[in-house]
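Q: Please take a close look at one helix-helix contact in this model and describe its geometry and the residues that form it.

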Amino acid sequence: MKVGAHPLRGYVYIASAALFWGVAATLGRAAFTGRLPGLRLGAIDPLILSQSRTTLSLLVLLPILLIRRGAPALGVPGPDLVRFLLIGVLGVAASNYLYYLAIQRTNVATAIILQYTAPVWVLLYAVLRGGQRPSLRRSAAVALAVAGCALAVGFVGSGGLSLDPVGVIAALLAAFSFAFYNVGGHSVLARYDRWKVLLWVLASAATFWIFVNPPWKILAAHYSPGQWGFMLAFSLVSVLGPFSCYFAGLQYLEPTRAVVASCLEPVFSIVIAAIALGELLRPFQTLGIVVVLVAIVLIQLPERAAQAGEPIVEPIE
């Protein structure tokens, strides 16, 4: 089955991942402050929350795959193992870490809008590699997706960008990391099913976090059973669920379409926060949601010469 043969299935997977991440964003904001509706939790450090969601997801997924497939079936050749390490460390772990660093040094709006320049970098990479033509329609869809995210997160009519140099650099690097695991994930999913890819990516990211923040530092924080329970649930909602959906979507969509569709994440975050936390949805944010949806529809419209230039991936269920 070729990429583009069943694009609707790919968009459903990507939208599901974005919905998971939207829920996770709301939970994460509540956890950072310790004000989670219905629960009394002390504030959880963003670094530990980011680390625990990767590690706990790995500890859930690994035994399930070992029981269902056995250890020999989970092995990969050395060259591909290096690719998984790069995607896990430079893609997933780096994007998470740099995103939280950007939030800490700037603000949420700055971090999100700069991270969601990722569609631009994916498109530029595809054009430079000769995999796609820089058509007006595709370029317009990418531009609309970035603009829609800027409106959705409140960039217009709010405090705007906070231009702390370290925070801005961190957010841009997070965008590059996000673009990197879109392109790299699409490549390895041509040869492996998404569960094996997810396993090795999580293992790589979890190993990275051990060096950044050793386990004894986590134990020294003395988190309560309730906080550990929340972190386990958060790992399922923010990593295991969405990444399994996202990697499935990459089997049906080429990277540019997938990363533009992922711009639904801030849209879902805004809507969920409005429903669950009573946050006000401003007119410009509503406009941003509409613009993102237009971008997703626009990039899906067929192009005359697209079929000859798009990469082919065989979906593996």
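A: What follows describes one pair of packed helices.

This is a predicted model, in which local features need pLDDT of at least 70 and side-chain atom pairs count only at pLDDT 80 or more, whereas totals for chains, interfaces and linings use all residues. Residues are numbered from 1 along each chain as its sequence is written, and side-chain values use heavy atoms, with hydrogens and water left out.

Helix α6 spans residues 136–152 and helix α13 residues 283–300, and their axes come within 7 Å and cross at roughly 160°; the axes are lines fitted to C-alpha atoms over the stretch in contact, with angles running from 0 to 180 degrees between N-to-C directions. Helices here are DSSP runs of H or I with at least four residues, numbered from the N terminus. Because angles over 145 degrees count as roughly antiparallel, α6 and α13 are roughly antiparallel to each other. Their crossing is left-handed, meaning that the near helix is turned anticlockwise from the far one by less than a right angle.

On the α6 side, the residues in contact (heavy atoms within 4.5 Å) include Ala-141, Leu-144, Ala-145 and Gly-148, while those of α13 include Leu-287, Gly-288, Val-291 and Leu-298. By class, the contact of α6 with α13 has 15 nonpolar, 3 polar and 2 charged residues, where Ala, Val, Leu, Ile, Met, Phe, Trp, Tyr, Cys and Pro count as nonpolar, Asp, Glu, Lys and Arg as charged, and the others, Gly among them, as polar. Arg-137 and Arg-138 of α6 are among the contacting residues, as is Gln-285 of α13.

Notes. Helix = DSSP H or I, 4+ residues; strand = E, 2+ residues; numbered from the N terminus. Parallel < 35°, antiparallel > 145°, perpendicular 65-115°, else oblique.
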